[in-house]
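Work through the exercises below with the sequence and coordinates at hand. Each task is followed by a stepwise solution.

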Number of protein chains: 2
Amino acid sequence: MTEPYKGVRDFYPEDMAVQRYIFDVWAETSESFGYERYDASVLEPAELYKAKGAENEEMVNEQTYTFTDRGEREVTLRPEMTPTVARMIAGRQKQLSFPVRWYSIPNLFRYERSQKGRVREHWQLNCDIFGSDDVSADIEAISLAYQVMLNFGADPSMFEVRFNDRAEMNLFYESLEIKDAETVSAITRLNDRFHKVSREEYQAELTKIVGKEELVSAIYEKISKPDDSGNNKVLSGLRELGISNIKVDRSLSRGFDYYTGTIFEIFDTSPENARSIAGGGRYDNLTSLFGGERVAAVGFAIGDVTMRGFLETHNLLTASVTAPDLVVMPLGGAEVPAALRLAQQFRAADIATEVDFSDRKIGKKLSNAGDRMVTYAIVLGEEEVKSEKLTLKNLESGEETSGTLTELVEKFSA
Amino acid sequence: MTEPYKGVRDFYPEDMAVQRYIFDVWAETSESFGYERYDASVLEPAELYKAKGAENEEMVNEQTYTFTDRGEREVTLRPEMTPTVARMIAGRQKQLSFPVRWYSIPNLFRYERSQKGRVREHWQLNCDIFGSDDVSADIEAISLAYQVMLNFGADPSMFEVRFNDRAEMNLFYESLEIKDAETVSAITRLNDRFHKVSREEYQAELTKIVGKEELVSAIYEKISKPDDSGNNKVLSGLRELGISNIKVDRSLSRGFDYYTGTIFEIFDTSPENARSIAGGGRYDNLTSLFGGERVAAVGFAIGDVTMRGFLETHNLLTASVTAPDLVVMPLGGAEVPAALRLAQQFRAADIATEVDFSDRKIGKKLSNAGDRMVTYAIVLGEEEVKSEKLTLKNLESGEETSGTLTELVEKFSA
């Protein structure tokens, strides 16, 4: 009876502190690039995900939480944020002044079989820029994701950006006379598994899709060869910004059909974390699915579970539970009212103050405050209440300072 | 297709700014009293709500979002946070050092018919102190809720705290020889509607519950008479802290059977907002329902919808969308790479910087930045790129300062 629902996490204060630290760095970095925060409900009409086509229907049917409400509406717990933000942009297309830079930190749900690192509820940073066809938008998106990593204290050697371009890949397939969207989509999905299957397996599956042997070998050569793609403007723009841990990977596919150009993912270089930490790309046609006009868009998402895994692996986690600045400790019940008043006065001076009115002994109260990393304590006995002369104890250094309330408040602000 | 699911809200940046402002004041005030933040998933096993007894079964059956997942588990979107936090406390009872002060800002779901101010998803501040039987815990809970109001800039004349005590009411019923829990519960539920029904209606319904006329008139007299309850220690403690907008209201009931002592609600004194802004009380037996030992508890919740209504009514809303400190505006496409590099350097100096690489004219870029309350702009032409001499324009005062990057960064930190 004390366990949470299967596949979701309880955030006790020590875990919540980590979560808040991650969210704070995400928010601050996004805002440092001029992104504005938005949000929406976890509940979305199920149709929102059906609009996106076949590949997503499979996801809606097998991997989402979709149910029928008491008013016979089909409702889904959102599995990703992109359809939501595209819906919101389409809904205000006339009022918004493009380009628009938006970010959000939504919780998302997928019904997955439990695996290491796989949970049914997770959080993501989602950043998107709408209304720019310019390569600068692609460059900005990737450099923002890169900067998030750096702002956690990561060194570029700890991670790498893998890069591909759907438009370039489409041109390549066209050069082989492969123009059918379904065939391209099937190749793309197979490429996504390129690093996970053997050469033979890859080629066998590719043969099933494209038939001719010469096509199989041309595609295999393209996908397997590291390609520097020297004339891609996004890549050269990123290198001009000093971002050098970027690698062209022609097998990179991303899960969704809606990408139209640049796609990228960020990976931990440590083999401990095999799943990508971040991923995104350009998707220029999504808003038109919701009745809006076409709006160019580039965006990406970073997941909390893989982010935390990365930070733990590289010893970059420094978050701790918030503690008050000061704990006032009444010696006995008689001093409690005075302690409550005193705390009220310290708080009015912007000093976070707790009153420990428990019946623990003073020694226990002091050690409890010390364990929680509280810096100051005031023990309040009959004498202190009468004289209004207080002793402020620094729990780190052991140093003691005596004075009136006003004198001690001044000490805090000094 | 661009509308959200019925009964939930989209938070476009301007609404999100209000929501974040409210959450920030909630979080800061809670932490100023020494409360630690926790969270849990919106998904809970449906049994969690069934454990609480008959009155809640009605709520689970008729007002929650409960559905069966693909693994045949019954799952509920949490309608309130108290069962979750009681479950979490019961789960770590042995490790925790009581008293424990926790807060959370969960989103909650109820399937309600749409009414003014009623939504199907809302957020609450939930604050609880566990492990203290002392009246000081009751005093702290109410003074924390009171301080939240003050920290939004509210004057005590704008709201009032209504107070009652379940234990005192039970003693009163016992003095009338009413000891049966179900009868007391029925009276309590009727009292909850005391201010909404006529005297005749109230007395008629009460007669159905207790029968004898002398009981009806004794209870009516108790409920209708303002009672100063001079010897209640929680009340006197609150008055010692200077909290005087508090009123004993013997009809006050709160919705849940789990309360065992103090109960309170905060109301707007303006008739525009009739629903309570905050409510809570002491509930000493809840953890034992989840297999834990009894843990004394006092807590309260404040809702975002009624909070926002209060702030709007009293003109206390000051939130605005975050904007970058600076927008760098390349004159043409040739200056974009330099603009991206420059922005990167300003950000490294902790100056939030956006690059407006859109094809808008410079006048439009400047007015757009001004509309968004951005303070500074730098226009970057061929000349500026070559000379590395930049002009920083203050969009509020019109003042201009020229200098190198380093000189301008210094100006920001001055």
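Two strands pair if DSSP finds at least two bridges between them; strands (E, at least two residues) and helices (H or I, at least four) are DSSP runs, numbered from the N terminus. The model is predicted: local features need pLDDT of at least 70, side-chain atom pairs count only at pLDDT 80 or more, and totals for chains, interfaces and linings use all residues. Residues are numbered from 1 along each chain as its sequence is written, while chains are lettered from A and ligands numbered from 1 in the order in which they are written.

**Exercise 1.** Determine how many bridges join β3(B) to β4 of chain B, and place the pair in its sheet.

*Solution.*
Step 1. Four bridges link β3(B) with β4 (residues 74–77) of chain B, and the two run antiparallel.
Step 2. Within this pairing, Thr66(B) lies opposite Thr76(B) of β4(B).
Step 3. The sheet is open, has three strands in the order β2-β4-β3 (chain B), and its pairing is antiparallel.
Step 4. β2 (43–45) and β3 (65–68) of chain B are the edge strands, each pairing on one side only.
Step 5. From one strand to the next, the twist averages 35 degrees (axes are lines fitted to C-alpha atoms, for helices over the stretch in contact, and angles run from 0 to 180 degrees between N-to-C directions).

**Exercise 2.** Describe the burial and the partners of β13 of chain B.

*Solution.*
Step 1. A residue is buried if 20 or more other C-beta atoms lie within 10 Å of its own, exposed if 12 or fewer, and partly exposed in between, with C-beta atoms placed from the backbone.
Step 2. In β13 (residues 326–330) of chain B, five of the five residues are buried.
Step 3. Leu326(B), Val328(B) and Pro330(B) point one way from β13(B), whereas Val327(B) and Met329(B) point the other way.
Step 4. β13(B) is joined in parallel by three bridges to β14 (residues 353–355) of chain B, where Thr353(B) is the bridge partner of Leu326(B).
Step 5. Between these strands the chain passes through helix α12 (residues 336–348) of chain B, in a right-handed β-α-β crossover (with the strands pointing away from the viewer, the path from the first strand over the helix to the second runs clockwise).
Step 6. Five bridges pair β13(B) in the parallel sense with β15 (residues 376–380) of chain B; there, Val327(B) faces Ala377(B).

**Exercise 3.** State the bounds of the domains of chain A and the separation of their centres.

*Solution.*
Step 1. Chain A comprises domain 1 (13–313) and domain 2 (326–413), with bounds from an automatic or database domain assignment.
Step 2. Taken over C-alpha atoms, the centres of these two domains of chain A are 52 Å apart.
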